[in-house]
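Please look over the sequence and the structure below before reading on. The paragraphs that follow lead from the broad layout of the chain to particular sites within it.

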Amino acid sequence: MNAAGQLVLGIESSCDETAAAVVRAGHDVLSNIVESQASEHATYGGVVPELAGRSHLRMIQPVVERALDEAGVDLDDLCGIAVTARPGLVGSLLVGLCYAKSLAWTRGLPLVGVHHIEAHVYAATMEAAQPLELYPNLALVVSGGHTALYRAHSPRQLEPLAATLDDAAGEAFDKVAWLLGLAYPGGPSVAALATEGNPGAIPFPRYRAKDGRPGFSFSGLKTAVLYHLRGGDALAPTPAPADIVGRADVAASFQEAVVDALVGQTLGAARAQGFQRVVVAGGVACNTRLREVMAERAAADGVEVHFPSPAWCTDNAVMIAGLGWQHLAAGDSAELSLDALAR
Ligand code: KG4
Ligand code: ZN
């Protein structure tokens with residue numbers, strides 16, 4: 001790492017946000033540019049990988065230029081370039097990765113590959129005066145692509161503890177939003193409608209593993225919502241959104257089931273594993289009801305909970321630059337043969 005500098009350029013393109021940021025010493029944010037493709041995917045109710053890759057290709061250069069401009073720095077001021085290398089959509093990851101490699105090679109800068117999930121967890125600690133003091137923690141990463149628990153020993157060392165057997169929680173929000181005729185991304189629109197409904201109106205199922213081990217599953221819940229909309233008859237046609245009676249109750253009861261499962265599994269695991277600190281990260285961590293219920297039940301268990309600010313829950317490059325700096329400071333950097341990995 002260039003000893004003169006502490007500035008890292010972070011680049012994120014793993015899903016449907018093209019993002020770049022400049023961060024000093026792993027926590028001091030100089031710029032944070034996020035170009036969302038949500039409107040391009042909205043008609044399809046989910047991310048279309050081909051569209052995402054093409055859009056990243058169009059946006060990557062202007063987004064990186066804006067991040068440098070806003071930070072008031074140029075490439076020669078950087079001590080390294082951090083880029084999301086996994087997991088994500090391969091075609092999307094490759095755009096950011098190739099761009100980062102070209103910049104690193106042409107400027108003789110160290111390159112570092114960052115794990116997207118580890119970066120989400122790091123984001124939840126970056127706002128603390130001393131991010132490292134929030135480790136070890138039990139981390140719940142809950143986004144459109146992932147729902148998993150990790151024993152986070154340090155920013156660079158996460159040990160998987162449990163994951164979803166099927167859908168991610170954010171994906172379930174997106175699918176239920178689609179069924180209810182709400183806008184994509186589904187999380188914020190379901191959450192908004194849920195404020196008008198009764199969370200106890202419909203007893204949707206909460207997954208629990210038979211052997212009591214921590215874990216998540218949301219496909220049964222999604223199917224339960226679908227069958228509820230069909231009046232309990234699996235073979236009946238799905239009603240058009242305008243014909244659904246009690247839409248707000250469905251939204252509120254669905255959200256309550258997701259929140260209850262996330263909080264129950266996380267605090268159960270914290271108890272079993274002896275963690276007194278929980279960190280919640282990823283796009284679904286924006287959810288107000290999740291924040292309320294987690295805070296309330298964690299306090300009752302004597303567990304401390306940390307959520308990042310909403311802007312740092314969803315995909316961004318601040319978390320990539322921040323964690324990238326930790327890798328570089330520890331002497332880790334990547335070869336130019338660094339490859340993109342979907343998982
Ligand atoms: O972390 P993220 O930006 O991207 C992935 O890495 O997947 O998460 C996006 C997901 C989407 O599924 C979106 O519906 C969900 O986060 N989300 C929410 C809320 N805001 C975003 N889910 C529930 N409530 C919210 N307020
Ligand atoms: Zn993410």
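Domain bounds, as the word is used here, come from an automatic or database domain assignment. In this model, which is predicted, that assignment divides the protein chain into domain 1, made of residues 7-124 together with 314-329, and domain 2, which covers 134-307. The C-alpha centres of domain 1 and domain 2 lie 27 Å apart, and where the two meet, 20 residues of domain 1 are in contact with 22 residues of domain 2. Between them the domains bury about 1,600 Å², and 71% of this area is on carbon and sulfur atoms. Three residues of domain 1, namely I117, V121 and A124, supply 34% of the area that domain 1 buries against domain 2, which is more than any other three residues supply.

These names lead to helix α4, which spans residues 116-126. The helix is mostly covered, since 11 of its 11 residues are buried, and among them are I117, V121 and A124 as well as the histidines H116 and H120. In an α-helix there are 3.6 residues a turn, so residues three or four places apart point the same way.

The two histidines bring the reader to the zinc ion (ligand 2), whose protein donors are H116 through NE2, H120 through NE2 and D315 through OD, at distances of 2.0 to 2.1 Å. Along the sequence the donor residues follow the spacing H-x3-H-x194-D. Because H116 lies in helix α4 whereas D315 lies in the loop between β10 (304-306) and α10 (318-329), this pair ties together parts that are 199 residues apart in sequence. H116 is buried, with a relative accessible area of 3%, and D315 is also buried, with a value of 12%. What makes the arrangement around the zinc ion irregular? The 4 donor atoms subtend angles of 93 to 146°, and four donors count as tetrahedral only if all angles lie between 85 and 135 degrees, so the upper end of that range does not fit a tetrahedral arrangement.

A last stop is S13, which is placed in the loop between β1 (7-12) and β2 (17-24). Is S13 buried or exposed? With a relative accessible area of 2%, S13 falls under the 20% cut-off and is therefore counted as buried. A polar atom of the S13 side chain lies 3.2 Å from the backbone nitrogen of G96. Leaving aside residues up to four places away in sequence, S13 touches H56, S92, L93 and V95, and also G96 itself.

Methods. Residues numbered from 1 in each chain as written. Chains lettered and ligands numbered in written order. Predicted model: local features only at pLDDT ≥ 70, side-chain atom pairs only at ≥ 80, totals over all residues. Heavy atoms only, no water. Donors = N, O, S within 2.8 Å, 3.2 Å for Na, K, Ca; no water. Tetrahedral: all angles 85-135°; square planar, octahedral: opposite > 155°, others 65-115°. Helix = DSSP H or I, 4+ residues; strand = E, 2+ residues; numbered from the N terminus. Buried < 20%, exposed > 50% of the residue type's maximum accessible area, 1.4 Å probe, protein only. Polar contact = N/O pair within 3.5 Å; in protein donor to acceptor, adjacent residues only side chain to side chain. Contact = heavy atoms within 4.5 Å. Buried area = accessible area lost by both parts, 1.4 Å probe.
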